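Welcome, and thanks for opening your viewer. Let's walk through this model together, one selection at a time.

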Amino acid sequence: MLEAFSGSDVRAAEAPLIDAGQGDALMQKAAHGLFGVVLGLLREAGRGTYGATAVVLAGGGNNGADALYAGERLLRRGVGATAILLSDRVHTASLAAFTRAGGASVRLDDGVDPAALATHASSADILLDGILGTGATGGLRGGARAFVEAFNDVAGPRATRSTIVVACDLPSGIGVDTGLVDGPVLAADATVTFGAAKPGLLLGNGAVATGELNVVDIGLDFAVFTPAARRLLDADVAALLRLPTPLDHKYSRGVLGVAAGSARYPGAAALAVGAALATGIGMVRYLGPDAVASLIHQRNPEAVASSGSVAEARSQAWVVGPGAVDDDDQRRRAVDAMTSGLPVVVDAGALAGIPERVGPQVILTPHAGELRQVLAERGVDAERSDIEAEPAHFALRAAEITGATVLLKGFTTVVAAPSGILIAQTDATPWLSSAGSGDTLSGIIGALAASVAGDDHAASRLGLAEEDLWAAVAAAGALIHGRAGQRAARRGPIVVSDLRADIGAVIAELLEERRLAM
Ligand SMILES: NC(=O)C1=CN([C@@H]2O[C@H](COP(=O)(O)OP(=O)(O)OC[C@H]3O[C@@H](n4cnc5c(N)ncnc54)[C@H](OP(=O)(O)O)[C@@H]3O)[C@@H](O)[C@H]2O)[C@@H](O)CC1
Ligand SMILES: Nc1ncnc2c1ncn2[C@@H]1O[C@H](COP(=O)(O)OP(=O)(O)O)[C@@H](O)[C@H]1O
Ligand SMILES: [K+]
C-alpha cells in the first residue's frame, strides 16, 4: 500500500534529523534519488547523458536546492544543464555547487521576458521542476506563475510536448495536501517525491498533474503518523482475491445478488452481471424484470434469474441501482439490500433511496453529479465543479453524513470510509469514460465484496481496520476496472461490453504476481 502523509507530518518526520544536523544529508539523498530517476528517463527516451540538455527551475526554498543539486550531478555526467531562478533568494550552497559544475543560470526578474525563458526551457530534453515543494501555499504567484503560464503556452499539453518534465517532490501548482489546482500548474511526466508520497499527489487534479510517481526513501520514519491518503498497489489487490480451493463449491465462493436494470435500461444489468461473472465469482443471482433477465441470458446463461425478493435470494453481497429507474420493485429490493447488513454496492438509480444512516458495508458509487444530489438531499449544497475540484473533501463529507463508504468516480477514483480514511486510485484511462463503464465497475466491486464477505482476515492482510475493508474492496474494484480499461484501450477505443475478457486477464496477472512473490 502506498501511504501519503500531509506536508506538516513530513516536516515533523524530518525535524529530528534536521535537529541532529542531517538536513544537508537529507537534501543530498533527495537530489541523488531525483538524479537517478532522470537518468532512467533519459535511458528510456533512448538518450545517454552526453549531449542531452536539462533546465533546472529553482524557486526560493529547499525544493529548488534539491533540483539544483540534481542538476549538479547531471552536469558532472555530461548533461548540458542551465538553471532558471524564479526567486530573489535561491538556496546559496546548491546554486554555488551547480555553478561550480559548469551550470549557467539566469534569473527571471524585471525586464526578462518569461516567454523567452519558457522557449529555452521547452527546447530541453529534461525540465526539472524545483519551483515549489511542501512549502507551497495557495496557487502559483508572481514570477513562478508567469513562467509556468508561458511554458504551458509554448510547450503545449503534456501529451504532445517534447520536453520530459520531472517534478521535484511535487508538481508546482498543486495543493500539497488536497491536490487542488488553483491556477496554472506544471504538469509532470514523472514526479520524484521524498520520504513519502503527499496526499496531493494521489488526489484530484494533483494526481493528474503528477504523472508517474516515484517515492525516494530518505530515511524518514512515519511510524507515529497516520496516512492522510492511501493507494492500493497490485499486491494489495492480489491479497484480497480469493482463490478457489478443492473444498469449495459455488455457494462457498461467494454469491452476488444483482438488482439492476429496468424496462427502460436493461443493458446496465447485463453489464454489471457480465463484469461480476468475469471476476470468477461462484454465482450471480439476478432479480428484476423477465425481459432484462432474457437479455442477460443471451450473454450469460450461467446467471440465475428470478423476480423474487432480496430475502429469498440468498447472497453474500448485492449490487443495486445500475439502470434501475422508475421501477418500484427494484427500488424496494435496493432498500432491502441496504438494510440487510450485507455488503451492497449502490449505484445510479438506487442512490436516490439511501436510508438516513447505513454502515460502511454499504458502498455508494456516485459520479460527481450524483454525489451532488446525495449531498443536496442532506442539506449540503455544492456545485458539481466544487466536487470535481476537491473530490476527497466531498467524498469524506458524504461518508461522514451517511455512514456509508463512498467511491467517487472520475479519472482519479477517490474512496472515503466513514472512519475518515481515504484511498485514491489512478489506474484508469480516459477511454473508460463512456456509458456503461460505471455499471461494469459496480459488478466488479460487488463480486469482490461477495467473495471477501466471509474472510475475517482480509482487512488485516492489508493492515487496515475491519471497518475499512469495504473501502479497500471498492478501491480494488477501481484498480481492476481501470487496469482492464487500459488493457482494452491498447486494442483501440473501448466498447464497454467487451471489457469482460480484460477483467479476467487483469485478475490472472494479479494472481500470477502474487504467486511469484510467495
Ligand atoms: N526540510 C528538509 O530537510 C528537506 C526538504 N526537502 C525539500 O524541501 C522542500 C520544502 O522546502 P521549503 O520548506 O523550503 O519550501 P519550498 O516549497 O521549496 O518553497 C517555499 C518558498 O516558495 C515560496 N512560495 C510558497 N508558496 C508559493 C506560491 N504559491 N507561489 C510562489 N511562491 C510560493 C515561499 O516564498 P514566499 O512567497 O513566502 O516569499 C517560500 O519561500 C520539499 O518539498 C523538498 O523538496 C528535501 O530536500 C528533503 C529534506
Ligand atoms: N476521465 C476519465 N478517465 C478515466 N476514467 C473515467 C473518466 N471519467 C469517468 N471515468 C470512469 O468511467 C466510469 C463512469 O461511470 P458512470 O459515470 O457511472 O457511467 P455509467 O453510469 O454510464 O456506467 C467510472 O468508473 C469512472 O471512474
Ligand atoms: K516542485
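How many residues of the shell around ligand 1 are nonpolar, how many polar and how many charged? Keep that in mind while you find your bearings, and remember that the model you are looking at is predicted.

**Stop 1: ligand 1**

Select ligand 1 and show what surrounds it. There are 29 residues around this ligand, and G61, N62, N63, G133 and G135 come nearest. Colour them by class and you have the reply to the opening question: eleven are nonpolar, 14 are polar and four are charged. Now switch on the helices. Four of them, α1 (7-19), α2 (23-44), α3 (62-76) and α6 (142-155), each bring at least two residues to the shell around ligand 1.

**Stop 2: ligand 2**

Move on to ligand 2. Here 18 residues make up the surroundings, with K409, A428, S433, S437 and G438 the closest. Which helix gives this shell its largest share? Select residues 437-452: this is helix α15, and it contributes four residues. By class, the shell around ligand 2 splits into seven nonpolar, nine polar and two charged residues.

**Stop 3: the whole chain**

Zoom out and show the chain as a cartoon. You should find 18 helices and 18 strands. The radius of gyration is 25 Å, close to the 24 Å that the globule rule gives for 518 residues, so the chain is as compact as a globular protein of that length. Along its principal axes, the C-alpha trace spans about 80 × 45 × 45 Å. Of the 518 residues, 57% are buried. Looking at contacts with a separation of 6 or more, 72% are between residues 24 or more positions apart.

**Stop 4: strand β10**

Now select residues 255-259, which form strand β10. Is this strand enclosed or open? Five of its five residues are buried, so β10 is largely enclosed by the rest of the structure. Turn the strand to view each face: V255, G257 and A259 lie on one side, L256 and V258 on the other, and all are buried.

**Stop 5: the neighbours of β10**

Add strand β11 (residues 283-287), which pairs with β10 in the parallel sense over four bridges. To see one partnership, pick V258 and find Y286, its bridge partner in β11. Next add helix α9 (residues 266-278): together with β10 and β11 it makes a right-handed β-α-β unit.

Finish with strand β13 (residues 317-320), which also pairs with β10 in the parallel sense, over four bridges. In β13, look for A317, the bridge partner of L256.

Note on methods. Residues numbered from 1 in each chain as written. Chains lettered and ligands numbered in written order. Predicted model: local features only at pLDDT ≥ 70, side-chain atom pairs only at ≥ 80, totals over all residues. Near = placed C-beta within 6 Å. Nonpolar A, V, L, I, M, F, W, Y, C, P; charged D, E, K, R; others polar. Rg over C-alpha atoms; globule rule 2.2 N^0.38 Å. Buried ≥ 20, exposed ≤ 12 C-beta atoms within 10 Å, placed from the backbone. Contact = placed C-beta atoms within 7 Å. Pairing = 2+ DSSP bridges. Right-handed = clockwise from strand over helix to strand, strands pointing away.
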